Amino acid sequence: TISKHLKVLEGAGLVESSKDGLWVNYSLSGGGGSPYAATLLGNLKHWLDDDPEVRRLSETLPAIQREIIVRKKA
């Protein structure tokens, strides 16, 4: 599952998590625990900053209400 994969990434120092009620929020870490993680994350952030689609999604994210998304049926 996604949460198991995110736990592996968290264990590797690539992502950080924080609890928000029933939700767990994940974000890219600073990579302070490992020089390899820091290098990888630095490159990844640089590449993502240059991607217009990622930039567009980042601008859209604040308006998304996850409570509405999880109520939708496929």
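This report walks through the overall build of a predicted model and then looks at a few of its residues.

## Overall build

The protein chain holds four helices and two strands. Starting at the N terminus, the order of elements is α-β-β-α-α-α. With a radius of gyration of 15 Å, well over the 11 Å that the globule rule gives for 74 residues, the chain is more spread out than a compact globule. If you want a box for it, the C-alpha atoms fill roughly 40 × 30 × 20 Å along the principal axes.

Burial is scarce here: 9% of the 74 residues count as buried. Take the contacts between residues at least 6 apart in sequence, and 20% of them join residues at least 24 apart.

## Surface and charge

The accessible surface of the protein chain adds up to about 6,200 Å². Carbon and sulfur atoms account for 62% of that surface.

As for charges, the chain carries 10 positive and 9 negative ones. The mean positions of these two sets sit 11 Å apart.

## Helix 1 and what comes after

Helix 1 covers residues 2-11, and the number of its 10 residues that are buried is zero, so this helix lies largely in the open. After helix 1 comes G13, which has a positive phi, near 80°.

## V15 in strand 1

V15 belongs to strand 1, which spans residues 15-20. Is V15 buried or exposed? Its relative accessible area is 11%, so V15 is buried, the cut-off being under 20%.

Setting aside neighbours within four places in sequence, V15 is in contact with L6, L9 and E10, and also with Y26, S27, L28 and S29. Of these partners, L6, L9 and E10 fall within the 2-11 range of helix 1.

## S29 in its loop

S29 sits in the loop that links strand 2 (23-28) to helix 2 (35-49). Loop or not, S29 counts as buried because its relative accessibility is 5%, below the 20% cut-off.

What does the side chain of S29 reach? It gets to the backbone nitrogen of G31, at 3.1 Å. Not counting residues up to four places away in sequence, S29 touches G13, L14, V15 and E16, along with L41 and K45.

The V15 and S29 pair ties these two pictures together: they are 14 residues apart in sequence, while their C-alpha atoms are 4.6 Å apart in space.

Key: Residues numbered from 1 in each chain as written. Predicted model: local features only at pLDDT ≥ 70, side-chain atom pairs only at ≥ 80, totals over all residues. Heavy atoms only, no water. Buried < 20%, exposed > 50% of the residue type's maximum accessible area, 1.4 Å probe, protein only. Polar contact = N/O pair within 3.5 Å; in protein donor to acceptor, adjacent residues only side chain to side chain. Contact = heavy atoms within 4.5 Å. Rg over C-alpha atoms; globule rule 2.2 N^0.38 Å. Areas by Shrake-Rupley, 256 points an atom, 1.4 Å probe, with all protein chains shown as cover. Lys, Arg positive; Asp, Glu negative; His and termini not counted. Charge placed at Lys NZ, Arg CZ, Asp CG, Glu CD.
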